[in-house]
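This report is meant for a reader who is meeting the structure for the first time. Please look over the sequence and the model before reading on.

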Amino acid sequence: MRRALTRTAVASAFARSFLIQGSWNYHTMLGSGFAFAMLPALKRMFGADPDELDASVARHLEHFNAHPYLASVALGAALRLEADGADQETIRRFKLAVRGPLGSLGDALVWATWLPGVAIGALTLYWLGFSGWASAAFFVVVYNVGHLGLRAWGFRVGLDAGQDVGMRLRDADLSGWTKRLQPILVLLLGGLVGAVIGGTGGLAEAGVWWLVLAGAGFVAGLLGGHKAWRPAAVLTVATIATLSVIGVLR
Amino acid sequence: MEILRLSLLGGLFGLDSTAVGQFMVSRPVVAGAITGWVLGNPVLGVAVGGILELYLLVSFPTGGARFPEGSTATVVAVAVGAPFDGAGVLPLAVAVGLVWGQLGGFTIGVLRHANSSLVPKHSDATHAGGRVTTAHLIAIGLDFLRAAMVTASGVVAGRLVFPSALGSWPLDRAASVALLLVGGGVSAGILLHDVGGFRRRRVWFATGIALGIVGTRLL
């Protein structure tokens with residue numbers, strides 16, 4: 001049985017998707033946020049029958065996790081499935097099937113590539129002599145062009161394709177986009193390193209030993225990966241604290 | 001009054017970092033500039049935000065992972081350093097930020113545990129519609145309060161110890177920045193490790209360094 005999916009309900013679900021992580025928890029992760037985003041549409045579809053409304057809310061309260069931006073893909077598709085009258089098991093299985101890929105695709109594309117890439121771009125501008133405001137504005141504008149574009153595209157694709165959204169995701173080749181963006185990220189990272197070495201107040205001005213120490217830090221990060229982050233942060237704080245104590249005692 | 005303003009700012013940035021929108025205005029590079037502007041010291045705000053951004057480049061709010069909270073850490077770091085001047089202000093403010101970021105990350109974990117008992121269970125979904133909305137909005141409110149309190153406590157504690165810690169800082173300004181860049185170098189290395197490693201990306205990386213150095217000469 002097909003159910004009405006009004007423009008208002010769809011817009012409301014999309015707007016609420018920006019709050020999808022509001023009640024993130026270790027039990028259902030995004031589950032309650034997903035139900036919160038679906039609620040206006042579910043009320044519209046099942047409002048006449050309280051039992052059916054409760055059942056529909058219950059199936060979206062179950063455990064769900066994905067990248068928050070790409071959760072909009074699952075949200076749009078779940079709306080389509082509910083509107084098309086898909087049975088409870090189909091919707092459950094669909095959400096189970098998409099949560100892993102939507103998490104890993106989003107983490108690789110957004111958290112590990114887009115976010116650091118744009119941040120490095122902003123930091124490079126700053127080290128090249130642009131004002132702090134220009135760098136911050138660059139970050140906010142460029143980052144959110146990608147962010148909002150991805151959310152809107154994902155929601156639209158989900159809503160259009162419903163259960164077949166996997167095929168549309170394959171066609172979109174998000175992991176291919178990640179691979180294509182990575183060399184640009186590396187180029188920007190190199191640009192930042194170059195600017196930090198050669199810029200005003202940079203490492204070259206501080207002296208060769210600082211350059212060597214920073215190079216050693218870079219190699220430690222390169223070889224150790226994420227395991228190197230916490231010891232480096234602790235060492236930095238400990239060094240600053242020690243220097244501060246020396247300064248106080250002098 | 002200033003603590004209240006800073007807490008409000010920290011609370012709003014805390015919401016942006018995960019619960020509401022994730023427009024990333026809470027990233028240190030932006031939060032630092034805004035906090036510095038609010039406190040009348042935009043130069044320090046941008047510098048602290050830029051350094052903390054470099055450190056937190058490889059820290060992402062992924063799924064259930066524990067991560068340092070950069071947003072409140074940046075507000076605290078800029079707020080404790082803003083009234084002071086001198087070569088030691090930047091490194092000490094960044095150190096305060098790095099420590100407080102860990103505390104902020106810990107409180108996120110606590111809140112997420114609390115949210116587990118706040119949200120309705122799918123096995124008990126009677127009249128769940130209203131309860132879902134209420135629990136969700138309460139959780140967002142709690143996140144705001146959490147971030148605001150982390151910020152307020154950080155600013156109060158930081159401002160108590162900061163003047164005495166500043167003492168007669170033994171490094172000059174260039175060496176102080178360089179000290180922070182050594183730690184930032186580790187983050188840059190981790191990032192290159194994540195996106196393919198040096199051997200695979202050496203041409204892109206070397207080209208970038210050359211362009212960066214040329215850029216500093218031209219601009």
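In this predicted model, helices α2(A) and α4(A) are roughly parallel to each other, because their axes cross at roughly 25°, and angles under 35 degrees count as roughly parallel. Helix α2 covers residues 31-46 of chain A and helix α4 covers residues 71-83 of chain A, and the two axes come within 11 Å. The crossing of this pair, α2(A) and α4(A), is right-handed. On the side of α2(A), the contact is formed by Phe34(A), Ala37(A), Met38(A), Ala41(A), Leu42(A) and Met45(A), while α4(A) contributes Leu75(A), Ala78(A), Leu79(A), Glu82(A) and Ala83(A). Sorted by class, the residues in this contact of α2(A) with α4(A) are 10 nonpolar and 1 charged, with no polar residue among them.

The two helices belong to a chain that has 11 helices and 0 strands, so that chain A, read along its sequence, follows the pattern α-α-α-α-α-α-α-α-α-α-α. The radius of gyration of chain A is 24 Å, well over the 18 Å that the globule rule gives for 250 residues, and chain A is therefore more spread out than a compact globule.

Chain B has 8 helices and 0 strands, and its elements run α-α-α-α-α-α-α-α from the N terminus on. The table sets out some values for each chain.

| Chain | Box or span of C-alpha atoms along the principal axes | Buried residues | Contacts 24 or more positions apart, among those 6 or more apart |
|---|---|---|---|
| Chain A | roughly 75 × 40 × 35 Å | 52% of 250 residues | 70% |
| Chain B | about 65 × 50 × 25 Å | 60% of 219 residues | 73% |

Where the chains meet, the contact takes 91 residues from chain B and 95 residues from chain A. On the side of chain B that touches chain A, at least two residues each are supplied by α1 (2-19), α2 (28-38), α3 (42-56), α5 (89-118), α6 (128-166), α7 (173-194) and α8 (197-218) of chain B. Which of these helices gives the most to that side of chain B? It is α7(B), with 18 residues. By class, the residues that chain B brings to the side touching chain A divide into 55 nonpolar, 31 polar and 5 charged.

Technical notes: Residues are numbered from 1 along each chain as its sequence is written. Chains are lettered from A and ligands numbered from 1 in the order in which they are written. This is a predicted model: local features need pLDDT of at least 70, side-chain atom pairs count only at pLDDT 80 or more; totals for chains, interfaces and linings use all residues. Axes are lines fitted to C-alpha atoms, for helices over the stretch in contact, and angles run from 0 to 180 degrees between N-to-C directions. Helices (H or I, at least four residues) and strands (E, at least two) are DSSP runs, numbered from the N terminus. Angles under 35 degrees count as roughly parallel, over 145 as roughly antiparallel, 65 to 115 as roughly perpendicular and the rest as oblique. A crossing is left-handed if the near helix is turned anticlockwise from the far one by less than a right angle, and right-handed if clockwise. Two residues are in contact if their C-beta atoms, placed from the backbone, lie within 7 Å. Ala, Val, Leu, Ile, Met, Phe, Trp, Tyr, Cys and Pro count as nonpolar, Asp, Glu, Lys and Arg as charged, and the others, Gly among them, as polar. The radius of gyration is taken over C-alpha atoms; the globule rule is 2.2 Å times the number of residues to the power 0.38. A residue is buried if 20 or more other C-beta atoms lie within 10 Å of its own, exposed if 12 or fewer, and partly exposed in between; C-beta atoms are placed from the backbone.
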